[in-house]
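The exercises below are meant to be worked through with the sequence and the structure side by side. Try each task before reading its solution.

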Amino acid sequence: MELSDISIRTELRPGDIGYVIHLHGKLYKEEYAYGIAFEAYVAQGMYEFYRQYDPLKDRVWVCEHRGRIVGFLLLMHRDGDVAQLRYFILEPEYRGIGLGKKLMGLYMEHLRQAGYRGSYLWTTHELDAAASLYKRHGFVLAEENVSDSFGKSLYEQKYELHDTSSMEGFG
């Protein structure tokens, strides 16, 4: 499997929203023992994104291999010229080939081109590889809270990126 085997599109198609919700529920149960509350949280966020979607501000990156979604990331506009990074997920067999790095590069590029002044994301303390990728792109840990929202005790973490003017070198 090579990165060049994967296509990335930036428009949602029927079935994408449900599949991304399913993928989160399935993988986070298998890999981190998250409960159904997490899948419901993703469903609520995906609906919010769809309901307020603005093609000039928002973006999705849907990664496909042989007609199957294998990765996903979205940029969602928020008040104050800030964007939220959400629902970054890769099927396990597509990790380690540079796809995550490519998606982060595309995210950062769109963030800059759309004129956002900052970005943030929420994750959990268990996702070390993702946190490392975010940090390499200039995000810093800004907040950490104990939570049992996803069916188990964990730390929810908020990462923020404040200076988009110096993003040229990331990726």
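**Exercise 1.** Does glutamate 144 count as buried, partly exposed or exposed, and at what relative accessibility?

*Solution.* Bear in mind from the start that the model is predicted. Begin by placing the residue: glutamate 144 belongs to strand E6. Next, recall the cut-offs, by which a residue is buried under 20% relative accessible area and exposed over 50%, with partly exposed in between. The relative accessibility of glutamate 144 is 43%, and therefore this residue counts as partly exposed. To complete the picture, look at its surroundings: once residues up to four places away in sequence are set aside, glutamate 144 touches Tyr155, Glu156 and Gln157. Lysine 26, by contrast, is 118 residues away from glutamate 144 in sequence, and the C-alpha atoms of these two residues are 25 Å apart in space.

**Exercise 2.** Describe the position of lysine 29, and decide whether this residue is buried or exposed.

*Solution.* First find the element, which is helix H1, covering residues 16-32. Then apply the cut-off for exposed residues, which is over 50%; lysine 29 has a relative accessibility of 51%, so it counts as exposed. Finally, consider its partners: beyond the neighbours within four places in sequence, lysine 29 is in contact with His24 and Tyr34. As for glutamate 39, it is 10 residues from lysine 29 in sequence, with a C-alpha to C-alpha distance of 9.2 Å.

**Exercise 3.** How many aromatic pairs does the structure hold, and which parts of the chain does the pair of tyrosine 34 and phenylalanine 150 link?

*Solution.* The count comes to 14 aromatic pairs. In one of them, tyrosine 34 and phenylalanine 150 are stacked, with 5.6 Å from centre to centre and 25° between the planes. Tracing this pair along the chain, one finds tyrosine 34 in the loop between H1 and helix H2 (36-52), while phenylalanine 150 sits in the loop between strand E6 (140-147) and strand E7 (154-161), so that the pair links distant parts of the chain, 116 residues apart. Both tyrosine 34 and phenylalanine 150 are buried. A further step shows that these two rings belong to a cluster, in which ring pairs link Tyr28, Tyr32, Tyr34, Phe38, Tyr41 and Phe150.

A second pair, that of phenylalanine 88 and tyrosine 134, is tilted, with 6.3 Å from centre to centre and 50° between the planes. Because phenylalanine 88 lies in strand E4 (residues 82-90) and tyrosine 134 in helix H4 (residues 128-136), this pair ties together parts that are 46 residues apart in sequence. Phenylalanine 88 counts as buried at 14% relative accessibility, and tyrosine 134 likewise counts as buried, at 5%.

**Exercise 4.** What is the order of the elements from the N terminus on, and how does the radius of gyration compare with the globule rule?

*Solution.* Counting first, the chain has four helices and seven strands. Read from the N terminus, their order is β-α-α-β-β-β-α-β-α-β-β. The radius of gyration is 15 Å, close to the 16 Å that the globule rule gives for 171 residues, so the chain is as compact as a globular protein of that length. Along its principal axes, the C-alpha trace spans about 40 × 40 × 35 Å. Turning to burial, 44% of the 171 residues count as buried. Lastly, take the contacts between residues at least 6 apart in sequence: 64% of these join residues at least 24 apart.

Definitions and conventions. Residues numbered from 1 in each chain as written. Predicted model: local features only at pLDDT ≥ 70, side-chain atom pairs only at ≥ 80, totals over all residues. Heavy atoms only, no water. Helix = DSSP H or I, 4+ residues; strand = E, 2+ residues; numbered from the N terminus. Rg over C-alpha atoms; globule rule 2.2 N^0.38 Å. Buried < 20%, exposed > 50% of the residue type's maximum accessible area, 1.4 Å probe, protein only. Contact = heavy atoms within 4.5 Å. Phe/Tyr/Trp six-rings, centres within 6.5 Å; stacked < 30°, edge-to-face > 60°.
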